[in-house]
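I have opened my notebook beside a structure that is new to me. Come along while I look up a few helices and a few single residues.

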Amino acid sequence: MKVLITGATGYIGRAVAQRLLTAGHDVTGLVRNELGVRTLTTAGIEPVHGALDDADSLRAAVEGADSVIETASADHAESTTALLKAIAGTGKRFIRTSGTGIYTDLAGGEPTGIVHTEDDGYRPIPPLAPRYSLDVMVQEAAQAGDDTVVLRPTMIYGYGGSEQLPMMLRASLRDGVSRYLGRGLNRYGNVYLDDLADAYLLALEHAPAGSVYNLATDECDFRRIAEAIAKLFGFGGAVSATEEEFAQALGPLPAAGLGSNSRVDSTRARTELGWAPQGPPLLDELVHGSYRRIWGPKGITVTPGQSTA
């Protein structure tokens with residue numbers, strides 16, 4: 001089928017697009033400028049001009065597609081609303097990318113025994129309530145007869161990228177120290193980028209309308225992640241930070257998220273979709289894999305207390 005991907009030049013979108021191309025689907029990607037056009041064309045993806053804030057361009061892009069995958073933003077309500085309107089009554093599949101960040105609990109580095117399922121009736125903290133509301137809106141569209149699915153990836157890693165990991169890596173390089181919040185025992189699910197792309201393909205081809213899937217292959221506490229980063233950079237070890245120190249190093253919102261738990265059960269994706277992730281473990285990838293190749297020392301020695309800013 002012909003699949004439109006928003007955010008096709010981004011970390012998730014590129015991986016999903018390549019996986020779909022490999023599986024034989026035609027892929028178009030929403031772009032705003034000529035750089036995006038060149039990027040997608042080089043990757044074998046047909047560029048379609050449009051913008052998340054332009055409902056008319058989104059509607060026109062959807063008209064030429066059989067299905068739509070939204071990877072550009074989990075929090076852009078206007079584009080999600082416009083895309084749902086565009087696919088309403090057409091029978092086209094719509095896949096929304098949300099995230100298990102909705103389960104953020106502001107634990108301050110403390111652990112929790114709570115492991116969330118897709119149906120546990122969770123109420124998110126106020127800052128993340130709008131994201132969760134968009135998930136609900138997509139589910140309600142399915143109840144009204146549209147073919148919609150919600151995917152919630154956990155911390156994504158691989159190929160030296162991520163959302164959360166580069167923040168920690170940059171701060172560590174800048175300050176010469178790898179930090180975790182409090183005791184650092186808060187646990188977060190994780191998923192390798194290629195395994196995540198497989199889940200999108202499976203959801204596109206097999207997920208029942210109205211489905212929601214939490215996507216994690218494993219989980220890890222942030223103290224061990226910080227220690228792995230310290231090992232990568234040759235520091236003596238990771239150190240505990242107070243909330244004030246952690247917020248100053250990373251910014252208040254990222255610090256709150258990286259001090260939280262987000263533990264999920266992904267049994268549904270494995271059983272309903274046949275999802276079978278096979279990627280390398282997060283800590284191995286950090287210390288020995290792509291993060292060492294991309295972020296590791298390249299003739300520059302960074303020691304604790306030394307800033308590279």
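Here are my entries, starting with helices and ending with single residues.

**Before I start**

I note that this is a predicted model.

**Entry 1: helix α8**

I began with α8, which covers residues 222–233. I wanted to know whether the length of this helix fits its 12 residues. At 1.5 Å a residue, α8 should span 16 Å, and I found its end C-alpha atoms 17 Å apart, which agrees.

Next I asked myself which residues of α8 are buried. My list reads Phe 222, Ile 225, Ala 226, Ala 228, Ile 229, Ala 230, Leu 232 and Phe 233.

Then I looked at the two ends. At the N-terminal end of α8, Asp 221 acts as a cap, with a side-chain oxygen 3.1 Å from the backbone nitrogen of Arg 223. Just past α8 comes Gly 234, where I read a positive phi of about 75°.

**Entry 2: helix α7**

I moved on to α7, residues 193–206. From its first C-alpha to its last, this helix of 14 residues reaches 20 Å, close to the 20 Å expected at 1.5 Å a residue.

How much of α7 is buried? I found that 10 of its 14 residues are, so the helix is largely enclosed by the rest of the structure. Among the buried ones I jotted down Leu 193, Asp 195, Tyr 200, Leu 201 and Leu 204. Tyr 200 and Leu 201 come up again in later entries, in the contacts of Thr 71 and of Leu 20.

**Entry 3: how α4 packs**

I looked up two packing partners of α4. The first pair was α3 (residues 55–63) with α4 (residues 77–87). Their axes lie 9 Å apart and make an angle of about 40°. The two helices are therefore oblique to each other, and I noted that their crossing is right-handed. On the α3 side, Ala 55, Leu 58, Arg 59 and Val 62 make the contact; on the α4 side, Ser 79, Ala 82, Leu 83, Ala 86 and Ile 87 do.

The second pair was α4 with α5 (residues 129–143), where the angle is about 5° and the axes are 11 Å apart. That makes α4 roughly parallel to α5. Here Ala 77, Thr 80, Thr 81 and Leu 84 of α4 meet Leu 134, Met 137, Val 138 and Ala 141 of α5.

**Entry 4: Leu 20**

I found Leu 20 in helix α1, residues 11–22. Is this residue buried or exposed? Leu 20 is buried, because its relative accessible area is 0%, and the cut-off for buried is under 20%. Leaving aside residues up to four places away in sequence, Leu 20 touches Val 3, Ile 5, His 25, Val 27, Ile 69, Leu 201 and Leu 204. I also checked a distance to α4: the C-alpha atoms of Leu 20 and Ala 86 are separated by 22 Å, with their places 66 residues apart along the chain.

**Entry 5: Thr 71**

Thr 71 sits in the loop between β4 (67–70) and α4. I read a relative accessible area of 10%, so Thr 71 is buried. What does its side chain reach? One polar side-chain atom of Thr 71 lies 2.5 Å from the backbone oxygen of Thr 6, and the side chain also reaches the backbone oxygen of Gly 7 at 3.4 Å. Beyond close sequence neighbours, up to four places away, the residues Thr 71 touches include Ala 8, Ile 12, Thr 97 and Tyr 200.

**Entry 6: Asn 190**

Asn 190 belongs to strand β9, residues 187–192. With a relative accessible area of 3%, Asn 190 is buried. Not counting residues up to four places away in sequence, its contacts include Thr 154, Met 155, Tyr 157, Asp 218, Cys 220 and Leu 282.

**Entry 7: two positive phi values**

My last stop was the loop between β7 (155–157) and α6 (164–175), where I found Tyr 159. Ser 162 is in the loop between β7 and α6 too. Most residues other than glycine have a negative phi. Yet phi is positive at Tyr 159, near 60°, and positive at Ser 162, near 145°. Tyr 159 counts as partly exposed at 48% relative accessibility, whereas Ser 162 is buried at 15%.

Definitions and conventions: Residues are numbered from 1 along each chain as its sequence is written. This is a predicted model: local features need pLDDT of at least 70, side-chain atom pairs count only at pLDDT 80 or more; totals for chains, interfaces and linings use all residues. Side-chain values use heavy atoms; hydrogens and water are left out. Helices (H or I, at least four residues) and strands (E, at least two) are DSSP runs, numbered from the N terminus. The expected span of a helix is 1.5 Å times one less than its number of residues. Buried means under 20% relative accessible area, exposed over 50%, partly exposed in between (1.4 Å probe, protein chains only). A polar contact is a pair of N or O atoms within 3.5 Å; within protein, one must be able to donate a hydrogen and the other to accept it, and residues adjacent in sequence count only if both atoms are side-chain atoms. Axes are lines fitted to C-alpha atoms, for helices over the stretch in contact, and angles run from 0 to 180 degrees between N-to-C directions. Angles under 35 degrees count as roughly parallel, over 145 as roughly antiparallel, 65 to 115 as roughly perpendicular and the rest as oblique. A crossing is left-handed if the near helix is turned anticlockwise from the far one by less than a right angle, and right-handed if clockwise. Contact means heavy atoms within 4.5 Å.
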